[in-house]
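Reader: I would like to learn how to read the features of a folded protein one at a time. Could we start from the structure itself and go through it together?

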Amino acid sequence: MIGAIRCLLLWLPVAASLGAATPASAFLVQSTQSGNGPVVMASWGEDDVPFRIDAAGSADLGAAQTAAILRQSFTVWENVEGSRLRFIDEGLSSGRDASRRDRRNLLIFDETGATLGAPDGSGIIAVTRINSDAQTGEIFDADIIFNGRDFRFAAEPTPGRILLRDVAVHEIGHFVGLDHTPLAGDPVQRPTMNPFYFGDGPGEASSLAADDITGLRVLYPTFAFSSMSGAITGRIEEPGGRGVFGAHVTALDLDSGELYSTLSGAETGVRDRGAYALRGLPTGLYRVAIEPVSGGLDASNFSSLFATLDADFPLEYFGNTDIASTALPVLVTGGIGSSNIDFTTGFITPGVPFVRSVDGPGNTPDAIGPYTTFFDVVNAIRVEVIIEIDGQVSAITAEALGGGMFRSQIPGQHVGTHVRYRLTAASATGISVDFPAGGRWLEFDVIGLSGAPLAFTVLRDAGVLGVFDTGADVEVARVDLGDDPIQILHSPDGQFLYVSNLESSEITVIETATFRIADRISVAAQPLDMALSPDGGTLYVTNSGASLLTAINLESRRVLSSVSVGALVEGPYGIATSGRRVYVTDLRSNAVVAVEDGQVVARIPVGGGPR
Ligand SMILES: [Zn+2]
């Protein structure tokens, strides 16, 4: 079985979108399947693997410097604790033939393209070719070929050049049997085995992330490592039972923040397209999730086992939920893992209740109550809310509002009370489902405040409003907002806060005395900046994605009007009011547009880029 892993070059646009990912660590072993046989994992049969370096080295660096960097790169992997693997340096080779059958593991620089055969502009910086036994997965020949025709290599960060050490450490990862990982992240957290050379930080690929290290340990474990680590295994299937292939499975260590990943279908020794295994995990509680491979990656970025990747399913956490905080944690302890961590894609099984969302209170200073909670539940005719306060458990029946919506009112509690609640949703045929799964609770505190002023701030990435007690210098509460909350404004009397949510196109109204959400008002695309009318009765919002100006009556909390502010090049962004006039900015045409009674009355040229 002959496999080659292509390593691509990619610049920033996609890298930036990948940068939003959580702290990353992951690994995937190169796996193959012979015909319809079981999947096998590629690894060397011995613990001492020889390599030899082409005596010519890189034309950009010369023989001595090339050999020194490549040897250091092997050392990076050899130094991993918990792995038995060692390398034997067979010295420099005069033969430049990277044959896959000569059992000589050669590293060469292809300065003409003759060996690599890659088309012009392929972006391939290097290739590692592995020859392994189709039945056992045992690697018996591996060669690394660097593309010296299309790329200039360097020993130190140099504009326009590729750091040889970064590429070499990555390729040696393939050399020992690792595949690419779909996980990304910033330069510090990104696994070395991510397929892209981002060129965004010195040594971005030459310092191994926890994921890379775990991959090596799983392939060449020391006894101590085997006895201390555990696995999470399971199966992913569609509602009809068909296995889901190539799903990205991640396990987040809730203590350390490390993220481990694999693809379904790579589980060795079986022929099940939906089976997955995350091995080598340290003791801890994990949040397990499935999602399609994304971020500019497709099947071509992985070894030949993955000719296709199933992608038509949503992000889902273990416990049949898309709400991270209600996922069911999975325990790995003392070398023992968890099996049967199974998923059925999609959330709604016919006839079975499914809780789509819960809109309940966070920490609040409100001792009067009641604490209103809304539940959006599919396939349920009855929802019971179980409440635990000071060890006393009681239950109330939620009021059905129609359309799958239910409302419950937990009575007011004195300051200092910790309130826990969960729900049981029952279908017409008597099937009942608990939420959150696993006997866990949703909870909030009735908090005491110092009496000093409170500071409210929008935490954009977290999608919440943070409440800070400036007397005690602590964050006392968080309130869930919409998607991408960006701007905050308070009413003249200080009773309410208004938050614009760029992505979910809504204005959240929050009561400052209780931290409760009083309303969510839908508006046109991408609400950004807000201003009040001089009398405080109208809230004006710029809709930066729709060239509109929205006016909201704050008494009724209804949209009064949404008026066009002309053909703006980009905006409107900023906003201000004066008398009956509203002024908004057009970023690209360097103008402020004045609107009165829904009509554009003036365009005022201003300096460059008015936000
Ligand atoms: Zn690669």
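Author: Let us begin where two domains meet: across the interface of domain 3 and domain 4, the rule finds 3 residue pairs in polar contact, both residues at pLDDT 80 or more. A polar contact is a pair of N or O atoms within 3.5 Å, where within protein one must be able to donate a hydrogen and the other to accept it, and residues adjacent in sequence count only if both atoms are side-chain atoms. This is a predicted model, in which local features need pLDDT of at least 70 and side-chain atom pairs count only at pLDDT 80 or more, while totals for chains, interfaces and linings use all residues. Residues are numbered from 1 along each chain as its sequence is written, and side-chain values use heavy atoms, with hydrogens and water left out.

Reader: Which residues belong to domain 3 and domain 4?

Author: Domain bounds come from an automatic or database domain assignment, and here that assignment gives 354-445 for domain 3 and 454-605 for domain 4. Their centres, taken over C-alpha atoms, are separated by 31 Å.

Reader: How many salt bridges does the rule find across the interface of domain 3 and domain 4?

Author: A salt bridge is a side-chain nitrogen of Lys or Arg within 4 Å of a carboxyl oxygen of Asp or Glu, and the rule finds 1 across this interface. In the model, the side chains of Arg-520 and Asp-359 meet in a salt bridge, at 3.5 Å from N to O.

Reader: What should I look for in a nonpolar core?

Author: In soluble globular proteins, nonpolar side chains tend to be buried together. A nonpolar core is a set of buried (under 20% relative accessible area, 1.4 Å probe, protein chains only) Ala, Val, Leu, Ile, Met, Phe, Trp, Tyr and Cys residues joined through side-chain atoms within 4.5 Å. The largest one here has 42 residues, and Trp-77, Phe-87 and Phe-153 are among those with the most contacts inside it. Apart from it lies another core, of 20 residues, including Phe-375 and Phe-406.

Reader: Where is the peptide bond from Gly-369 to Pro-370, and is it cis or trans?

Author: That bond is cis, with omega near -5 degrees, and Pro-370 lies in the loop between the strands β21 (354-359) and β22 (371-378), strands being DSSP runs (E, at least two residues) numbered from the N terminus. A cis peptide bond also joins Phe-435 and Pro-436, where omega is about -5 degrees.

Definitions and conventions: Buried < 20%, exposed > 50% of the residue type's maximum accessible area, 1.4 Å probe, protein only. Helix = DSSP H or I, 4+ residues; strand = E, 2+ residues; numbered from the N terminus.
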